[in-house]
Amino acid sequence: MDARSRTCDRGAGTSPWIHRWYVAEMPEPRFAICDLDGTLIDSDAALVNAFVALGVTRSEISFGHVIADECLRLGISLGDYVHAYDTEAAKPFPGVDELIGVLDDWAICSNKHVESGTAELTRLAWRPRAAMFADAFNGPKRLAPLLEALHLDPSRVVFVGDTDHDRTCAHEAGVDFALAAWNPRAVERVGDIALKHPSDLIEVLGL
Ligand SMILES: [Mg+2]
């Protein structure tokens, strides 16, 4: 029997003392940290189009990397890439805007270039408590700097992402990993919390 039903059984709804007991029994909701590209926004086409515009062959492009590393690997300048990237092109996956409307406290952890990432958040009018992009990490993104900056207990955090690297980030930080399985490119592994629809996250967080 859960805390809610115990409270109801005791007819305690009008007692302040029991109300405090009831609130204390209810677990705090968990905190969501989300990847951006391929998780909240369907940015594959925008990412690919910027590379293709700079002469890269489509089949050479892969996803989920630090953008500076991918530019280096593909032999193009980061500045040219940021200039070619259309920050208006990527749309949120269906249901994500509604999810963001429910989350009033959340954060972003992304390998995206800070200029492109900030422009996307502004355009979408999304206001996470914190957003860390590639410039915040000395290499690929990590969750530790965000956990530290926001004083978050890893056991109370869920990281939502779409790639193997995202899963590794979560495991290294002692954080549960939820797969954005609404992205058909995302591959589920044992131990993932697989989210079929963005709204599935609401229950996982206990909101
Ligand atoms: Mg991603």
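Thr39 is found in the loop between β1 and β2 (41-42). The model is predicted. Thr39 counts as buried because 28 C-beta neighbours lie inside 10 Å, where 20 or more are enough. The protein chain has 207 residues, of which 34% are buried. Its secondary structure comes to 10 helices and 8 strands.

**Around Thr39**

- Leaving out residues up to four places away in sequence, Thr39 touches Cys34, Val160, Gly161, Asp162, Ala180 and Asn183.
- Thr39 and Pro198 are 159 residues apart along the chain. Their C-alpha atoms are separated by 9.4 Å.
- Val160 has Thr39 among its contacts, once neighbours within four places in sequence are set aside. The other residues in contact with Val160 are Ala32, Cys34, Asp35, Ala178, Ala180 and Leu201.
- Across the protein chain, contacts with a separation of 6 or more include 56% between residues 24 or more positions apart.

**The sheet**

- Six strands form an open sheet in the order β5-β4-β1-β6-β7-β8, with parallel pairing.
- β5 and β8 (193-195) are the edge strands, and each pairs on one side only.
- From one strand to the next, the twist averages 25°.
- Strands of a sheet pair through backbone hydrogen bonds, either parallel or antiparallel.

**β4 and its partners**

- Which residues of strand β4 (residues 106-109) are buried on each side? Trp106 and Ile108 are buried on one side, Ala107 and Cys109 on the other. Both faces of β4 are thus covered.
- In a regular strand the side chains alternate between the two faces of the sheet.
- Strand β1 (residues 31-34) pairs with β4 in the parallel sense, over 3 bridges. Ile33 stands opposite Ala107 in β4.
- Strand β5 (residues 130-132) also pairs with β4 in the parallel sense, over 3 bridges. Ile108 stands opposite Ala131 in β5.
- From β4 the chain crosses through helix α7 (residues 114-124) to β5. This β-α-β crossover is right-handed.

**β6, β7 and β8**

- Strand β7 (residues 176-180) is largely enclosed by the rest of the structure, because 4 of its 5 residues are buried.
- Strand β6 (residues 157-161) and β7 pair in the parallel sense over 4 bridges. Val160 has Ala178 as its bridge partner in β7.
- β6, helix α9 (residues 164-173) and β7 make a β-α-β unit, and this unit is right-handed.
- β7 and β8 pair in the parallel sense over 3 bridges. Ala180 has Leu195 as its bridge partner in β8.

**The nonpolar core**

- The largest nonpolar core has 49 residues.
- Which of its residues touch the most other members? They are Ala32, Ile33, Cys34, Leu143, Phe159, Val160 and Ala178.
- Two of these residues, Val160 and Ala178, are bridge partners. Ile33 faces Ala107 across the β1-β4 pairing.
- In soluble globular proteins, nonpolar side chains tend to be buried together.

**Helix α3**

- In helix α3 (residues 44-53), the buried residues include Ala46, Leu47, Ala50 and Phe51. They are on the same side of α3, because they cover an arc of only 130° around the axis.
- An α-helix has 3.6 residues a turn, so residues three or four places apart point the same way.
- The cover over the buried residues of α3 includes α4 (67-74) and α5 (78-84).
- Gly55 follows α3, and its phi is positive, near 95°.

**Helix α7**

- Which residues of α7 are buried? They are Ser116, Gly117 and Glu120. Seen down the axis of α7, these residues fall within an arc of 100°, so they line one face of the helix.
- β2, α5 and β5 are among the elements that cover the buried residues of α7.
- Ala125 follows α7, and its phi is positive, near 60°.

Conventions. Residues numbered from 1 in each chain as written. Predicted model: local features only at pLDDT ≥ 70, side-chain atom pairs only at ≥ 80, totals over all residues. Buried ≥ 20, exposed ≤ 12 C-beta atoms within 10 Å, placed from the backbone. Helix = DSSP H or I, 4+ residues; strand = E, 2+ residues; numbered from the N terminus. Arc of directions from axis to C-beta. Contact = placed C-beta atoms within 7 Å. Pairing = 2+ DSSP bridges. Right-handed = clockwise from strand over helix to strand, strands pointing away. Axes fitted to C-alpha atoms, helices over the stretch in contact; angles between N-to-C directions. Core = buried A, V, L, I, M, F, W, Y, C linked by C-beta atoms within 7 Å.
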